[in-house]
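Ready for a few warm-up exercises? Have a look at the sequence and the model, then try each task before you read its solution.

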Amino acid sequence: MEIKKIKILYIATSTMGGGGVARMLSQKTAAFVQLGHEVKIMSTNDVQQQPFYLFDAQVQWELYPHSIRTMWQMRTYYSFVQEQGINTFQPDIIFVLDNGIKGYFASYFLKTHVPIYFEVHGSRHFLLAPITSPFRRSIINRITLALSKRFTGLIVLNESSKRDWKHPNIQVIPNWIAPENTAQVAKESASKQVIAIGRLVPEKNYETMLRIWKQIHQIYPDWKLVICGTGEETYVAQLKELADASVHWKGEVADVNSELQASAFMLHTSKMEGMPMAFLEAMVLGVPVVAFDVDYGPADLIQHGRNGYLIPLGEQQLMVHCCCILMQDPHIIQAFGKEAKKSMEQYDESVVLQQWISFFESLG
């Protein structure tokens with residue numbers, strides 16, 4: 001059956017960097033273009049002109065270079081989106097990938113009859129946690145929840161994240177694993193490397209990771225921790241002061257699979273999640289994950305004691321203990337890795353892409 005060709009507009013932020021959302025956007029837009037759809041991305045907060053990930057050459061771009069800190073600046077920005085994104089491009093559907101406060105206001109400022117979906121790539125805690133004032137947090141929570149109801153629908157990554165929202169139309173479509181991530185050679189079974197992947201930001205809780213690693217390294221001094229990711233320069237410098245020479249900082253890594261192949265397991269201490277791409281990329285290569293059980297995502301992927309370890313948030317000593325179990329017995333790593341790889345079959349690109357095709361067909 002021939003697929004109806006449509007125009008897809010993405011309203012996004014920070015698409016040029018090496019984060020998981022940018023990676024999925026590059027893969028999804030390429031797949032949609034290959035299906036014959038037309039795609040345009042309008043993006044804010046990009047500090048570089050060339051994307052870190054490879055995007056299809058047919059994807060159209062519109063980078064908004066101005067800061068958006070006030071309501072007036074937001075109104076100006078959405079006037080730009082209205083003209084260049086809606087009036088000029090004339091999309092059939094709009095996806096908002098900006099999960100910051102300004103992303104919610106797309107439902108208020110944009111005037112169009114085409115469906116607008118809010119695509120959620122993390123917990124609402126990402127938005128609310130940094131707000132220290134309880135009164136302001138309550139106001140922002142109420143405003144954003146009200147604005148979220150104005151969207152045609154929401155797209156979330158897993159069933160558990162539905163709890164964040166009160167909307168009658170919530171679709172669950174997970175991230176996928178691209179074919180190039182699955183066609184890899186077997187990883188090194190005797191590796192003495194642990195890997196961490198993610199943006200170097202406070203909510204990823206690297207301070208706790210480094211404290212945990214310090215204890216682990218005292219027991220296993222011949223092991224090393226490799227951290228792949230970047231962040232604000234001052235914050236990264238503070239983290240490096242907490243680490244010793246056994247911690248290797250790799251920054252953004254284009255060939256992250258090579259680092260995964262060289263790793264025994266992944267360590268992840270984030271306080272909140274959506275559906276970590278790093279987990280998918282690791283587990284499909286047979287790299288088990290040790291992570292805190294936080295909202296949302298880890299529990300959807302990790303089966304404790306079967307394909308990894310899922311630790312209650314804050315239980316640092318238990319995490320140290322579980323890491324040591326893996327480090328002392330490569331057979332457990334191998335068994336967990338085999339189960340991890342098997343559990344990723346449902347996230348194969350061909351499986352998830354079919355969910356997107358069905359979603360587009362449901363639009364009529």
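**Exercise 1.** Is arginine 124 buried or exposed?

*Solution.* Before we start, a word on the source: this is a predicted model, where local features need pLDDT of at least 70, side-chain atom pairs count only at pLDDT 80 or more, and totals for chains, interfaces and linings use all residues. Residues are numbered from 1 along each chain as its sequence is written, and side-chain values use heavy atoms, with hydrogens and water left out.

Step one: know the cut-offs. Buried means under 20% relative accessible area, exposed over 50%, and partly exposed in between (1.4 Å probe, protein chains only). Step two: check the value. Arginine 124 has a relative accessible area of 5%, so it is buried. Step three: place it. Arginine 124 sits in the loop between strand E5 (116-119) and helix H5 (125-128); helices (H or I, at least four residues) and strands (E, at least two) are DSSP runs, numbered from the N terminus.

**Exercise 2.** Find the residues that arginine 124 touches, leaving out those up to four places away in sequence.

*Solution.* Start with the rule: a contact means heavy atoms within 4.5 Å. Now go through the partners: arginine 124 touches Tyr104, Asn141, Thr144, Leu145, Asp164 and Trp165. For a distance to compare with the sequence, take proline 174: it is 50 residues from arginine 124 in sequence, and their C-alpha atoms are 17 Å apart.

**Exercise 3.** Work out which residues of helix H9 are buried, and where they point.

*Solution.* Begin with the list: in H9 (residues 233-241), Tyr235, Val236 and Leu239 are buried. They cover an arc of only 100° around the axis (taken from the directions from the helix axis to the C-beta atoms), which puts them on the same side of H9. The background helps here: an α-helix has 3.6 residues a turn, so residues three or four places apart point the same way. Next, look at the other side of H9, where Glu233 and Glu241 are exposed. Finally, find the neighbours: the buried residues of H9 pack against helix H8 (206-219) and strand E10 (247-251).

**Exercise 4.** Track down some unusual backbone angles.

*Solution.* First, the background: most residues other than glycine have a negative phi, and most peptide bonds are trans. Now try asparagine 45: its phi is positive, near 60°. Asparagine 45 is in the loop between strand E2 (38-44) and strand E3 (60-64), and it is partly exposed at 48% relative accessible area. Then try glutamine 90, with a positive phi of about 55°. Glutamine 90 lies in the loop between helix H2 (71-87) and strand E4 (93-96), and at 53% relative accessibility it counts as exposed. Last comes the peptide bond from aspartate 295 to tyrosine 296, which is cis, with omega near -15°. Tyrosine 296 belongs to the loop between strand E12 (289-293) and helix H12 (298-301).

**Exercise 5.** How many helices and strands are there in the chain?

*Solution.* Count them off: the chain has 15 helices and 13 strands. Then zoom out: along its principal axes, the C-alpha trace spans about 60 × 55 × 40 Å. To finish, ask what share is covered: buried residues make up 54% of the 364 residues.
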